[in-house]
Amino acid sequence: MDFIREKFSGDQLDVGIVPRDPITCLNFFSCLIEVLTRFFTSPTYGVKKDYFKFGAPWFNSACKLARLHLHTIYKDYKLSGAPALPPSYSLAKKAYKQAQKLAKREWHSNRWQTIISASKSHNSQNFWSLIKGRNTKYPLTVIPAPTWEQFLRKYFSVAEAPATHWRPSNPLPVWPNTDPAEILELIAELKTGKAPGPDLVPVEAIKLHSAWWAGILAKTFDAINATGLIPGTWKEAIIIPIYKKGPPGDPGIYRNISLLSSIGKIYARFLLTRLMKWSVEADLIGHEQAGFRSNRSTTDQAIILYHLARKYSTPRRGQLCAAFIDLKAAFDSIPRKLLWDKLACWGIDRRLLWLISQLHARSVARVRLFPAGDLTNPVPVNKGVRQGCILAPLLFNLFISDMRNPLAIAQKFIHTPRIADYRCPLLLYADDAVLLSYSRVGLRRALKIFATYCHSNHLSINHTKSKVLIFSRSQKLYSWKLEGTKIEQVHKFKYLGIYFQYNLGWKAHVEYLQNKTKALSHSLLRFFYSEGALFIPAALKVYSIKVMATMAYAAPLWAAFANLSPLETLQSQFLRRLLKLPTCVSNAAIRLEMKIPSVELVIWRRVLIYWISLWHKLPNHYLIQCMWRDDFTNLWSGKIHAKLLSYEISPTELLKLDLNVAKRCINQRLDDAELYQNFVAGGGACSPLNFGITPIYRAPSYLTSLMAASHRYAFIRARFNVFPTNVLRHRFTKGQVPSMCACEMKTSESLHHVMFICPLYSSACASILNPIIQPMADKPVDLQLAWVLQDVDPYITLQVAKFLTAVLSYKRRNGMLADY
């Protein structure tokens, strides 16, 4: 912070002493932010033009130095007139090649690490841009500034609306002074790697000196709490338009990302802790809302819907009618004055309401047009919650928390379905609403009531995207209208990423997962072979994190009733293409060698752990409680009980265990069962078990110790006994091709013949293999083969891989690999 102290000393301000007077304190803070904005705006160093020369992305400074040294030796040789190059030239050339090899390896490793990090995050766009080889570019827009300003005024400004901040009529409650320790906790919650807001202060600069900032912000927050004067940069949002699809000149097809002040985010978190505490104490958000709430998930909400659909679509009851309602720009359209009036009516802390309304009052937005930072003129935003603000989800949930009330009043009139003793006319996940009724007449009445609520709360319904789905045994279609506009009845609908069918089947959802898995797998393989340096461990890690997670999404809901074999087939196809193994190698052998779990194991592990976790969070989830004690016995629970018993786990005893202990028990039993099945099915001729190689309980080390891709694949083929030999051709052609070796010995060309006996490769064997098998010279050939392929010593593994690569080179030169 020496820079800040130096700048403030010129303004006669001591950064270590923050004024006590609120107005002076806020002026001090404004001066501080102004200095920091100037600092982060100006470049700290000049950029050399040499950095923009074209070349290989992996060519680093070490390669440049090695190349410079090589060129220097060559120039000296030319100037000296010597008849031959000096010995130092060959050494420098080897060093240059080694530097290039290391640079490539480091660059590829960093690239894979970036992809692995993107796989773990929720940023799918970043993952796809890395996998598909497209650099993430700034979203250039062809829309002029006046068009953007007109668009923002149309959708976010209400000219005739009154002031959108709440004015207190009585003295406000007094708040205690802010504790710097609380500010430290709020700073720790900030995520790094985010673009700064209008003040240009990055999160990293705050976290680097968090204690220093905590003292200043504690006093600044006290001044704001007392006066309600919010710094202007905290109310400003810079919008980054991200092009999706459609005509580029239409601002409505862009997805807008708002950049807010990093310090303003800390204050928003400060208010959020108090708003969250009040909302929990007031118990305003109903059980039907699962969005942006702790101990709630999309799977929970989908299971509740599935339970009701299964219960009311039985032959005795008939059907469950569900209307999936899509609201147009719900977060951006709610009237702020109505939101403040609702919160005031519900008895919120009046100072908290005043400060939240002040944070929203006179807020503006500007669109960044070009990478250079050109912005539109500020446009007032006086409608909707602030986009990108951490307060927005909770404020929206509070705004629509009374959505259930008119439906609950008319629950008998609209034929509301029941789950235990709870009438459930509505399910919400943020702004995704599902209206439920066990009759068509009741759903039509519920739609009218819902439309009336939306009209009175200034919410717009998207009739095109809203659909009706009737869970029943038949596929009868009916006519449906909402606000006088026809809405479509469908036989399947994608809700929270899960395809629900009218007959509660899962064929459509499994096909959807198959298509997503194919796209991910093919893109990963394309990157693996083009830019991934054929590095198998990284590809397997990305596959486990991204592809397997995609297949297992919401598995607790559908896995017990779906056929998993298509997903198993996709996994085996991916692994065979990745490892270049033929179909004679069993899936179990591949999984046993690479320590990759089967799709069934991954999915059922998630199902069983979710089931036991659901039991332990019953006290905090009322709808799940109701489902657990409902008089309707769901097939879902029966399937899970049967699966647990198949693993010799008692469901009753499992529920008595601590959650972590129960999870360990499930994981251990499933891993043991998978290992046993792989041992039973993973034998045969094309398996490491055929050589007597003992499998280990981790990924094989040769995948990382063998740096050259040719060495890795040669060793993999040998381990699986599918090394290109005439024995393998004889097996593939079902005896049509003889298995004899091309040498004069006229014997079968098996792997141990190639490695230890065949005279065609005797020179390579004498120079590479014989030195390492000397300790096993007195052992049988089968034991020698198992020993060299065991992968115990990295040096032995490397020498064996070199020999196998030499054999393949000989075969390729002599036209002996035509059929492979």
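**Exercise 1. The largest cavity**

Which helix and which strands each supply at least two residues of the lining of the largest cavity? Work out also between which domains this cavity lies.

*Solution.* The structure is a predicted model, and the cavities are found by calculation on its atoms.

Step 1. Begin with the count, which comes to four cavities of 30 Å³ or more; the largest holds about 200 Å³ of space.

Step 2. Turn to the lining, which consists of 19 residues, and among them Ala 237, Ala 365, Val 381, Arg 386 and Gln 387 are the closest to the centre of the cavity.

Step 3. Match the lining to the secondary structure: helix 6 (145–156), strand 1 (236–243), strand 2 (254–259) and strand 5 (363–367) are the elements that each supply at least two residues, and strand 5 gives the most, with three residues.

Step 4. Sort the lining residues by class, which gives nine nonpolar, five polar and five charged residues.

Step 5. Bring in the domains: because domain 1 (1–21 + 143–286 + 336–382) and domain 3 (291–333 + 384–504) both give residues to the lining, the largest cavity lies between them.

**Exercise 2. The second largest cavity**

Describe the volume of the second largest cavity, and find which helix gives the largest share of its lining.

*Solution.* Step 1. The volume of the second largest cavity is about 70 Å³.

Step 2. Its lining includes Ala 589, Leu 592 and Glu 593, together with Pro 688, Leu 689, Ile 693 and Arg 719.

Step 3. Helix 23 (residues 587–594) provides the largest share of this lining, namely three residues.

Step 4. By class, six of the lining residues are nonpolar, three are polar and two are charged.

**Exercise 3. Cysteines and disulfides**

How many disulfides does the count come to? Examine Cys 454 and Cys 584 as two cases.

*Solution.* Step 1. The cut-off needed here is that the two cysteine sulfur atoms of a disulfide lie within 2.5 Å, and by this rule the count comes to zero disulfides.

Step 2. For Cys 454, which is in no disulfide, the nearest cysteine sulfur is that of Cys 424, 17 Å away; Cys 454 is buried, with a relative accessible area of 0%.

Step 3. For Cys 584, the nearest cysteine sulfur belongs to Cys 686 and is 3.3 Å away, and Cys 584 too is in no disulfide. At 29% relative accessibility, Cys 584 counts as partly exposed.

**Exercise 4. Two loop residues and their contacts**

Is Gln 319 buried or exposed? Place Gln 319 and His 415 in their loops, and list what they touch beyond their neighbours within four places in sequence.

*Solution.* Step 1. Gln 319 sits in the loop between helix 12 (298–312) and strand 3 (320–325). Its relative accessibility is 16%, and because buried means under 20%, Gln 319 counts as buried.

Step 2. Leaving aside neighbours within four places in sequence, the contacts of Gln 319 are Tyr 312, Ser 313, Tyr 438, Ser 439, Arg 440, Ile 470, Phe 471 and Ser 472.

Step 3. His 415 belongs to the loop between helix 17 (404–409) and strand 7 (418–419), and with a relative accessible area of 22% it is partly exposed.

Step 4. With the neighbours within four places again left aside, His 415 is in contact with Ser 437, Tyr 438, Ser 439, Gly 442 and Arg 445. Tyr 438 and Ser 439 thus appear in the list for Gln 319 and in the list for His 415.

**Exercise 5. Positive phi angles**

What is the value that phi of Leu 200 is near? Carry out the same reading for Arg 362.

*Solution.* Step 1. Most residues other than glycine have a negative phi.

Step 2. Phi of Leu 200 is near 65°, a positive value in a residue other than glycine. Leu 200 is found in the loop between helix 7 (180–188) and helix 8 (203–208), and at a relative accessible area of 27% it is partly exposed.

Step 3. Phi of Arg 362 is near 55°, likewise a positive value. Arg 362 is found in the loop between helix 15 (350–360) and strand 5, and with 56% relative accessibility it counts as exposed.

Notes:
Residues are numbered from 1 along each chain as its sequence is written. This is a predicted model: local features need pLDDT of at least 70, side-chain atom pairs count only at pLDDT 80 or more; totals for chains, interfaces and linings use all residues. Side-chain values use heavy atoms; hydrogens and water are left out. Buried means under 20% relative accessible area, exposed over 50%, partly exposed in between (1.4 Å probe, protein chains only). On a 1 Å grid over the protein atoms alone, a cavity is a set of points where a 1.4 Å probe fits but cannot get out, and a pocket is an open set with protein on both sides within 12 Å along at least five of seven lines; lining residues have an atom within 4 Å of a point. Grid points are joined across faces, edges and corners, and a volume is the space filled by probe spheres set on the points. Ala, Val, Leu, Ile, Met, Phe, Trp, Tyr, Cys and Pro count as nonpolar, Asp, Glu, Lys and Arg as charged, and the others, Gly among them, as polar. Domain bounds come from an automatic or database domain assignment. Contact means heavy atoms within 4.5 Å.
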